[in-house]
Amino acid sequence: MKAVIYNHYGGLEVLEFQEVSDPKPKPYEVLIKIASISLNPVDAKARRGGFRPVSDLLKFPRVTGTDFSGVIIETGKNVSGFKVGDSVYGWSNPLVNGGSASEMITISEKSIALAPQNINLEEASALPCGALTSLIALRDLASIRSGYKILINGSSGGTGTMALQIAKIFGGEVTAVTSPRNSERIIKDFNPDHIIDYTKSSFIESDNKYDVIFDVQGNKSFNDVENCLTSNGIYITTQPNIYNSIDIAKSFLSKKKSKIVICKSKTSDLSHIRIWVEEGKIKPVIEKVYEFDQYREAYEHLESGRVKGKLLLRI
């Protein structure tokens, strides 16, 4: 089968389109014929060695990609929750599973769910990482409630647009931080309560206080935003680095907390997201769909930092 692989850490130049062996499912795994994947910054981080030394335990070559959707074509002997022919979607952990940018993948049945029925499989691949990350951050780490004041820093990309929608579902008063080129689209599509154009003003210089600051962009720190939090406010970042880990330790001594969100793919959470999509409460935001052999162009677009929603690779 064809896959986008890399044989050593590096930039876009290390990606190759190559024939690899067809995978075989283990007893609790399913074999999925991939329909589409969506690109995430974590793909590039893994490729560059951003998860070392843990990632050094994995062998090369490695397949890139994490988000996916497709159809089950084989099940392991102990799989009980899915059957051949099911349309599914999920997120493949780059430190545990193989990547998703291939014609077929194997993955645990506990890491997938049935895809939403009111959108096509291509669109479903745009959901997992952004929706799962936002759900875990806002529901589990922030425990948001109706009326909470939520600020989303970096609200125009795949995770940011999901965070805006999920915060609204939980009844949050939502402030979106974005650029002027995205403001009109954000207002029209997601109707945030407030919007901040970061080219004109910085939310950290404002007198406004927030119960939750979700730093999707990952370009702030707990020290930067501490004065913007309410007395029991929570800062959540998507960047698991040493500096943010130190901030978490420091925040143990304060009512204000710093936390790091880590994406995890579980059937129960993906099923929750599927229901929201089918109820019309959230929708995937897709900027462009590339063909499989346009993978390099797609990743160049991703790494430009100017993505409006998600970029897909049609397999």
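A residue counts as exposed when its relative accessible area is over 50%, as buried when it is under 20%, and as partly exposed in between. These cut-offs are applied here to a predicted model. Asn 191 reaches 51% relative accessibility, so it counts as exposed. Asn 191 sits in the loop between α5 (180-190) and β11 (194-197). Its phi is near 45 degrees, a positive value in a residue other than glycine. Most residues other than glycine have a negative phi.

Ser 143 is a further case of positive phi. The angle is about 50 degrees, although Ser 143 is not a glycine. The loop between α3 and β9 (149-153) holds this serine. Ser 143 has 30% relative accessibility and therefore counts as partly exposed, since that class lies between the 20% and 50% limits.

Two cis peptide bonds were also examined. Most peptide bonds are trans. The bond that joins Arg 52 and Pro 53 is cis, with omega at about 10 degrees. Pro 53 belongs to the loop between α1 (41-47) and β4 (62-63). From Phe 60 to Pro 61 the peptide bond is again cis, and omega is near 0 degrees. Pro 61 also has its place in the loop between α1 and β4.

The overall fold was considered next. The chain contains nine helices and 16 strands. For 315 residues, a compact globule would have a radius of gyration near 20 Å; the chain has 19 Å, which agrees. Its C-alpha atoms fill a box of roughly 55 × 40 × 40 Å along the principal axes. Of the 315 residues, 52% are buried. Among contacts with a separation of 6 or more, 67% are between residues 24 or more positions apart.

The surface and the charges were then computed. The chain exposes about 14300 Å². Carbon and sulfur atoms supply 50% of that area. The chain carries 39 positive and 36 negative charges. The mean positions of the two sets are 4 Å apart.

In the interior, the largest nonpolar core has 40 residues. Those with the most contacts inside this core are Tyr 89, Leu 138, Ile 152, Phe 214, Ile 236 and Ile 273. Helix α3 (residues 128-141) gives the largest share of the core, seven residues. Another core, of 31 residues, lies apart from it. Val 42, Tyr 299, Val 307 and Leu 313 are among the residues of that second set.

Ile 152 illustrates the packing in the largest core. Neighbours within four places in sequence are left aside here. Beyond them, Ile 152 is in contact with Gly 160, Ala 163 and Leu 164. Its contacts also include the run Val 174, Thr 175, Ala 176 and Val 177. Phe 214 and Val 216 complete the list. Phe 214 is itself one of the residues with the most contacts inside the core.

Thr 178 lies in strand β10 (residues 173-178). Its relative accessible area is 2%, so Thr 178 is buried. Residues up to four places away in sequence are again not counted. Thr 178 then touches three serines, Ser 155, Ser 156 and Ser 183. Ile 186, Ile 195 and Ile 196 are also in contact with Thr 178. Asp 197 and Tyr 198 are further partners of this threonine.

Note on methods
Residues numbered from 1 in each chain as written. Predicted model: local features only at pLDDT ≥ 70, side-chain atom pairs only at ≥ 80, totals over all residues. Heavy atoms only, no water. Helix = DSSP H or I, 4+ residues; strand = E, 2+ residues; numbered from the N terminus. Rg over C-alpha atoms; globule rule 2.2 N^0.38 Å. Buried < 20%, exposed > 50% of the residue type's maximum accessible area, 1.4 Å probe, protein only. Contact = heavy atoms within 4.5 Å. Areas by Shrake-Rupley, 256 points an atom, 1.4 Å probe, with all protein chains shown as cover. Lys, Arg positive; Asp, Glu negative; His and termini not counted. Charge placed at Lys NZ, Arg CZ, Asp CG, Glu CD. Core = buried A, V, L, I, M, F, W, Y, C linked by side-chain atoms within 4.5 Å.
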